[in-house]
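Work through the exercises below with the model open. Try each task before you read its solution.

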Amino acid sequence: MVETHSLQDLRQQAAVAAKVFLQRDYSNGTVCQFQSKFPSELETRIDKQQFEETMQTLNNLYAEAEKLGSQSYIEGCLACLTAYTVFMCMETHYEKVLKKIAKYIQEQNDKIYAPRGLLLTDPIERGLRVIEVTIFEDRSLTR
Amino acid sequence: MKNCEYQQIDPRALSVLPQSAHNNTEKTVQRSRRKWEVFPGKNRFFCDGRIILPSQSGVLPLTLGLIVVTCGLFFAFDCPFLVKHLTVFIPVIGGALFVFVVFSLLRTSFTDPGILPRATPDEAADIEKQIDTSGSSTYRPPPRTKEILINQQVVKLKYCFTCKMFRPPRTSHCSLCDNCVERFDHHCPWVGNCVGKRNYRFFYSFIISLSFLTSFIFGCVITHITLRSQEGKSLVQSIQESPASVVELVICFFSIWSILGLSGFHTYLIASNLTTNEDIKGSWSSKRCAEESGNPYSYNSIITNCCATLCGPMPPSLIDRRGFLSLDEAIPAVSASEIELPPFTVKSDAHMCTQSTKDVLERMVHSYDVHGLCPPATPKTTPLDLEVSGPAAASSEPSLSAGCLPQDARQPVAPPCPPFSRSYKRRDSLHSINPAFRLASPSPSLSRTTFILGDAPDNGFIPLP
């Protein structure tokens, strides 16, 4: 019993060769931006330009979510006037953009990263602190 | 048999018989658990994770009780007279204000203030790898800080030992809730929750509407008593006819000063894009910074600052209370780290091979810590907090009780007022001694003390009169 249980996990876990964590970039304040510096561990796996394009798009999406524009002001004022009950029935602008981001990451994973044995984890699952890139061992591709 | 042994290592089954532990795992497979059920912080959850509260809800029932009682007395005893003599809009306005106040209060109390989830074991290990230069160590190293540039200004990020990560800027660890909270303002016992990024606007609307409500009730009650005494009766007679008004007057009179003061203080904070925490510590005051450096988060325009804080986009909750645990997370930390070890040792990477057994064990201990499984880990913050903030608090307590507010515990009242902040400036001088501690810290207790003192103002709002 023990053997199969741990073997199953080993099969899942052993495929993971390493994890790279891309930390947040606070140079512009507390807005959600991630460092787009290309990590050395990914040099053998993916094109630098491709990776930086993904990061740039993600950063742009997060900037869009946190933008202080007329839409966010209207939403804020409406919420205040309704004693914040409007949030119970309406999805906030931020949540809509987060859904867009989740879709984008999944798309990127399917098209670009999975074929190269990489997996991007949506930062929202890590509390918007890091983008976790899981590097799978090459032998998992032969399975 | 072996299965039973395996289950015995399961930390969640430590207090349970192996038989039932086995059943527990089966149940986990059958019924996926939600993330709130394994949340490591000191919080309570209701409605299957929809509502979040700290484990100690402070005096929230008292606050609610005071508001409801005062308004109830107002509607029952003053409104009939005022409707007859003035206008019917008085109870309408009072009612609207009351509803707004209660909604804002409940929203502030039951909203996640911006809790940051703790670092996963992999993340924590990655950060440790970046910090540790010497490899294994037998004692806890001195508090770790990282300097970053925000808008061309140097800001120090502190490492949180409980959450195993470098705290983002403006984030602070609340020891009452045992969570790191983004844009931490303060832990308000009256509201029974931390005030942080996600519920600051609710808190602000609560105190503003409460100011209006108390002023409104105060004004109406004065008008009521005045009108009564104008009908040929003396003031004492009018008061005797409506004793409830006196109760309301007393409550409102004492509340108004503190609530109005607090509203004014928070309006100032919003206009300059500061948090109470930063203001108390004097992080961006010109006296503390040698060169000309202001608040790097300010937009340098009062209107933009106000709009950004109050009408900015509503950030989502980062802790995903109602999400389901994946099977990986449901498996206890021990097995996860055990299974991760073989790949690490098998790798031919020289760096990995040089890891000593102690490091590996330390990593396992860290993953215990992260999941809050090791009992000594979690209470670490609180007992030391109490020990250390004791002497510091003793010096500030007299000034708190003397200068801050009247001793009447029935007031829905607020922490910061000038004498209060002065007492914290005194505590700041205690802080300035600490760098000496940081530089030479041979013993773990000393360095831990430094860490706690550095966070003391976070829990300084708790011992309120």
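Four exercises on this predicted model follow.

**Exercise 1. Describe the make-up of chain A.**

Solution.
- Step 1: take the elements. Chain A holds four helices and three strands.
- Step 2: put them in order. Starting at the N terminus, they read α-β-α-α-α-β-β.
- Step 3: look at burial. Of the 143 residues in chain A, 47% are buried.
- Step 4: turn to the surface. Chain A has an accessible surface of about 7500 Å². Carbon and sulfur atoms account for 53% of that area.
- Step 5: check the contacts. Take those in chain A with a separation of 6 or more; 60% of them link residues 24 or more positions apart.

**Exercise 2. Do the same for chain B.**

Solution.
- Step 1: take the elements. Chain B has 17 helices and 10 strands.
- Step 2: look at burial. Chain B has 465 residues, and 51% of them are buried.
- Step 3: turn to the surface. About 21400 Å² of chain B is exposed, with 64% supplied by carbon and sulfur atoms.
- Step 4: check the contacts. Take those in chain B between residues at least 6 apart in sequence; 69% join residues at least 24 apart.

**Exercise 3. Work out how helix 4 and helix 6 of chain B are arranged.**

Solution.
- Step 1: locate the helices. In chain B, helix 4 covers residues 89-110 and helix 6 covers residues 200-230.
- Step 2: find the axes. They come within 8 Å and cross at roughly 150°.
- Step 3: apply the cut-off. Angles over 145 degrees count as roughly antiparallel. Helix 4 and helix 6 of chain B are therefore roughly antiparallel to each other.
- Step 4: give the handedness. Helix 4 of chain B passes helix 6 of chain B in a left-handed crossing.
- Step 5: list some contact residues. Helix 4 of chain B contributes, among others, Ile93(B), Leu97(B) and Val101(B). Helix 6 of chain B contributes residues including Phe206(B), Leu213(B) and Cys220(B).
- Step 6: sort the contact residues. They comprise 15 nonpolar, five polar and one charged.

**Exercise 4. Is Ala244(B) buried or exposed, and which residues does Ala244(B) touch?**

Solution.
- Step 1: place the residue. Ala244(B) sits in helix 8 of chain B, residues 243-271.
- Step 2: use the cut-off. Buried means under 20% relative accessible area. Ala244(B) has 9%, so Ala244(B) is buried.
- Step 3: find its contacts. Leaving out residues up to four places away in sequence, Ala244(B) touches Leu73(B) and Phe77(B).
- Step 4: add a C-alpha distance. Ala244(B) and Phe74(B) are 170 residues apart along the chain, yet their C-alpha atoms are separated by 7.9 Å.

Methods: Residues are numbered from 1 along each chain as its sequence is written. Chains are lettered from A and ligands numbered from 1 in the order in which they are written. This is a predicted model: local features need pLDDT of at least 70, side-chain atom pairs count only at pLDDT 80 or more; totals for chains, interfaces and linings use all residues. Side-chain values use heavy atoms; hydrogens and water are left out. Helices (H or I, at least four residues) and strands (E, at least two) are DSSP runs, numbered from the N terminus. Buried means under 20% relative accessible area, exposed over 50%, partly exposed in between (1.4 Å probe, protein chains only). Contact means heavy atoms within 4.5 Å. Accessible areas come from the Shrake-Rupley method with a 1.4 Å probe; for residues, only the protein chains shown count as cover. Axes are lines fitted to C-alpha atoms, for helices over the stretch in contact, and angles run from 0 to 180 degrees between N-to-C directions. Angles under 35 degrees count as roughly parallel, over 145 as roughly antiparallel, 65 to 115 as roughly perpendicular and the rest as oblique. A crossing is left-handed if the near helix is turned anticlockwise from the far one by less than a right angle, and right-handed if clockwise. Ala, Val, Leu, Ile, Met, Phe, Trp, Tyr, Cys and Pro count as nonpolar, Asp, Glu, Lys and Arg as charged, and the others, Gly among them, as polar.
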